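Load the model in a viewer and keep the selection panel open. The stops below are meant to be followed in order.

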Amino acid sequence: MKTINHNRLDQVVLDARKAADTRAEGYRERALKIYPWICGRCAREFTVTNLRELTVHHRDHNHDNNPNDGSNWELLCIYCHDNEHQKQIEADRGYTDSSKRGGSATHNPFAALQSLLKKD
Ligand SMILES: [Zn+2]
Ligand SMILES: [Zn+2]
C-alpha cells in the first residue's frame, strides 16, 4: 500500500493544475467557439492538432474583461501574440519612432535634482 501516498500527491498536483487550466481556458474555449481558428495577424490557419499555438489576445490587455460577444478577444498565433505584446511594452516605455529621434532631454528625471543641487 506504499503507492497510495504517492498517488495522492499526484492527484493533488493534477487537481491544482486542472484548476489553473480551467481558469485560463474559460475565455479561450469561448473565443474558439466564436471565432474561426485563424491568426488575426498572419492569417495562419489552425486545426485541432496545432490549436495550442493559437492564443487569445485581449484587445484592451485586460484579462478580466471578457464580454460574451467576444469583442475584447482576438485570436493570434503565439508569434503574433508575442509581437503584439512586445509592441505594447515598447509603447508603454515611450519607444515610438518619433521619440527615438527626438533626443533624450525631454524627460530627464535628474534635471530637477541637478537644479536643486546647484542652488546650494
Ligand atoms: Zn500569426
Ligand atoms: Zn495578449
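**From a cysteine to the helix**

Select Cys42: its relative accessible area is 43%, so this residue is partly exposed (between 20%, under which a residue is buried, and 50%, over which it is exposed; 1.4 Å probe, protein chains only). The model is predicted, local features need pLDDT of at least 70 and side-chain atom pairs pLDDT 80 or more, while totals for chains, interfaces and linings use all residues. Residues are numbered from 1 along each chain as its sequence is written, chains are lettered from A and ligands numbered from 1 in written order, and side-chain values use heavy atoms, without hydrogens and water.

Next, show the zinc ion (ligand 1). Its protein donors (N, O and S atoms within 2.8 Å of the metal, or 3.2 Å for Na, K and Ca; water is not among the atoms, so sites may look incomplete) are the SG atoms of Cys39, Cys42, Cys77 and Cys80, at 2.3 to 2.4 Å. Their spacing along the chain is C-x2-C-x34-C-x2-C. Cys42 sits in the loop between α1 (3–34) and β1 (54–58), and Cys80, 38 residues apart from Cys42, lies in helix α2 (residues 78–92); helices (H or I, at least four residues) and strands (E, at least two) are DSSP runs numbered from the N terminus.

Now select α2. Its buried residues are Cys80, His81 and Glu84. Viewed down the axis, they fall within an arc of 105 degrees (directions from the helix axis to the C-beta atoms), so they line one face of the helix. Tyr79 and Asp82, on the other side, are exposed.

Finish at Gly94, just after α2, where phi is positive, about 85 degrees.
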